[in-house]
Structures are given as C-alpha cells and as structure tokens.
Amino acid sequence: MRLLHLSLAAFCLLLAVPSAFAAGYYGGGAYADAELDLRYESNLSRSSESADIEEDMITALSAGAGYMKPLNDKSQLLISAYLAHERFAEFKDLNNVSANSAIVYTIQPNKGYNSPFYRLSANLSWWDYNRSQIRDSYILRTGAGMTKRLGQQWIMNLDYHFQRRMSEAEVFDTDRHELRAQLIYAYSPEISLFANYDLHVGEVVSTATPTPAIRSAASSIAPDDVFTTGIGPGCTNRRCAYRLDAVGHFFETGMEMELNQLLSLSLSGRYFVVDGDGVAAYRGWLYRAGLYMQF
C-alpha cells in the first residue's frame with residue numbers, strides 16, 4: 001500500500017504544482033510513518049473446496065522510516081526500512097512479525113507536465129510466524145515501473161515485479177512474476193479513488209485436504225496444521241500445504257481520504273481468482289480499512 005500512498009501524494013503535487021512536479025516530489029530528507037490496517041479475508045486458506053475454505057479478521061500494524069535523496073533535478077533515491085506485526089483473530093498460528101528494507105530509484109528523463117516517471121526497486125523482507133515455521137521466509141522483490149499523468153485528474157501506474165520467496169520448508173519456496181495496472185482519480189483535493197488490476201504468473205501455495213488431482217499437480221506438499229490439527233503422519237489424514245504453478249487475476253477498487261496533513265484513511269475491496277495447473281481455481285474477497293500517518 002505504501003506505493004499507493006506515494007502515488008497519491010505525487011498526484012496531489014501534480015495537481016497543485018503542474019510545472020514543478022519534480023521539485024515537489026523530489027523534496028529530500030528523512031520521514032517516518034505508521035499504518036494500522038484491519039482486513040477481512042474470505043479465503044485465507046486459498047482453497048477451492050468449500051470444506052477447506054477458512055476466513056478470518058486480521059489486524060496489522062507497521063511503522064518505519066525512510067530517506068529521500070535528490071540526485072539531480074531529474075532523479076531521486078529512496079531508502080526505507082519497516083517493522084510490522086499481523087494478528088489473526090482465529091488462526092493465531094499465523095500471527096507474525098516482519099522486517100522490510102527497500103530502495104527505489106526514480107527518474108523523469110524529460111521535464112514537463114505530462115512527462116512520465118520511471119522507477120527501479122529492490123525490496124528484501126523477513127517473516128517470522130508464531131507457530132507455523134514452514135512459512136518463515138525471506139522474500140526478495142525486484143521491479144520496474146512507470147507513472148504518467150493522464151489529463152487533469154488522472155494518473156496511471158504500470159509496474160512489473162519478480163518475487164522470490166525462500167522459506168524454511170520447500171513447499172513455500174516460490175517464484176512469481178507480477179504485473180500491475182493502476183488508475184488513480186482525484187475526485188477532490190482530499191479524496192482520491194483508485195482501481196488496480198494485477199496479473200500473477202508463477203507458483204502459489206494452497207492449504208487443503210489432498211486429493212489425487214492435488215497430489216498429481218503439486219510440485220511440493222507438506223503437512224500444514226494451522227487451520228485444523230492433523231491426525232497421523234504425513235498428509236494421509238490432514239490438510240496439507242501444496243505448491244503449484246498458477247495464473248492469478250486480482251481486481252481492486254478503493255478510495256483514500258486525507259483527514260489532515262498527517263493522517264489519511266483508505267478503504268478498499270479486492271476480488272481474486274487463481275487458476276492452478278491441474279486443479280480447480282480458488283476465489284476470494286479481501287476487504288481492508290487502513291489509517292496511514294506520516295510524521
């Protein structure tokens with residue numbers, strides 16, 4: 001979501017200072033921010049079978065700091081680091097803490113009201129789960145993107161990311177390519193609306209009761225007792241996490257409202273459908289409300 005916050009902030013500067021986006025957006029110096037999220041996920045287990053689908057409410061808190069360094073009148077470098085905690089209302093084995101560090105290089109080769117911005121990014125995060133060691137991970141994300149103004153009230157973001165997850169268990173070792181198209185509309189100086197479409201191509205992990213189709217399609221499988229306690233050894237009488245190749249489509253709409261100079265509120269809804277190779281597709285909804293504060 002922080003990319004969205006930066007995009008929305010940049011858009012406000014575009015509207016306010018049309019001929020000097022770079023000067024405003026590239027304002028150098030340190031900053032700190034914090035975010036409190038409340039989420040509902042309708043298919044937390046990422047399963048296609050109704051008997052295996054689980055839902056939950058998640059509370060997430062993150063805080064961190066960054067430093068923006070203008071390199072010249074066309075480019076800047078952003079370095080940031082964050083700590084976060086997620087708490088699950090029912091499935092407490094999934095409670096986790098994480099740390100994240102990122103670097104983003106942004107450049108506007110040609111100055112001008114409608115000239116695009118380009119960015120390169122690298123992000124490394126560490127995740128530690130309460131009682132699900134198979135999910136403990138290091139995640140590396142690299143990406144490239146573009147931001148362009150479309151008329152007086154619209155801005156477009158296009159991004160590509162490659163994600164490599166390195167986990168305690170082989171089943172959660174995944175590679176994935178991600179494409180995102182985002183439109184932001186300034187409804188008023190205080191309210192922005194956005195719509196995202198994401199395409200994910202690569203490996204995903206689902207937790208379900210194994211079937212012959214799952215066993216045949218999965219490239220890796222392991223016992224996973226976070227949703228219900230298993231019986232017996234292996235995956236014979238319990239739910240298991242399994243990894244497979246898939247294509248995912250994600251559709252999201254939402255709004256962000258500036259409450260004052262430091263605080264903003266965001267609301268969004270996201271629908272996803274992920275079609276796994278050799279198994280039925282799984283679907284779900286994610287609803288989110290967040291408070292974002294920058295110091």
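**Ser45 and the nonpolar cores of a predicted model**

Biologist: At 2% relative accessibility, does Ser45 count as buried or exposed?

Modeller: In this predicted model, Ser45 lies in the loop that joins strand 1 (29-41) to strand 2 (56-70). The cut-off for burial is under 20% relative accessible area, and because the value for Ser45 is 2%, the residue counts as buried.

Biologist: Which backbone nitrogen lies 3.3 Å from a polar atom of the Ser45 side chain?

Modeller: Leaving out residues up to four places away in sequence, Ser45 touches Asp52, Ile53, Glu54, Ser206, Thr207 and Phe227. Among these contacts, the backbone nitrogen at 3.3 Å from a polar atom of the Ser45 side chain is that of Glu54.

Biologist: Which strand gives the largest share of the largest nonpolar core?

Modeller: That core has twelve residues in all, including Val204, Tyr242, Leu244, Phe272 and Tyr282. Two or more of its residues come from each of strand 9 (191-208), strand 11 (240-258) and strand 12 (263-276). The largest share, four residues, is given by strand 11.

Biologist: How many residues form the second, separate core?

Modeller: Phe227, which is in contact with Ser45, belongs to this second core, as do Phe91, Leu94 and Tyr129. The number of residues in that core is eight.

Biologist: Over which residues does pLDDT stay under 50?

Modeller: The mean pLDDT of the chain is 90, and 91% of its residues reach 70 or more. Where pLDDT is low, predicted coordinates should not be read in detail. That caution applies to the 43 contacts beyond four places in sequence that the model has for the stretch with pLDDT under 50, residues 8-26.

How values were computed
Residues are numbered from 1 along each chain as its sequence is written. This is a predicted model: local features need pLDDT of at least 70, side-chain atom pairs count only at pLDDT 80 or more; totals for chains, interfaces and linings use all residues. Side-chain values use heavy atoms; hydrogens and water are left out. Buried means under 20% relative accessible area, exposed over 50%, partly exposed in between (1.4 Å probe, protein chains only). A polar contact is a pair of N or O atoms within 3.5 Å; within protein, one must be able to donate a hydrogen and the other to accept it, and residues adjacent in sequence count only if both atoms are side-chain atoms. Contact means heavy atoms within 4.5 Å. pLDDT is the predictor's confidence in each residue, from 0 to 100. A nonpolar core is a set of buried Ala, Val, Leu, Ile, Met, Phe, Trp, Tyr and Cys residues joined through side-chain atoms within 4.5 Å.
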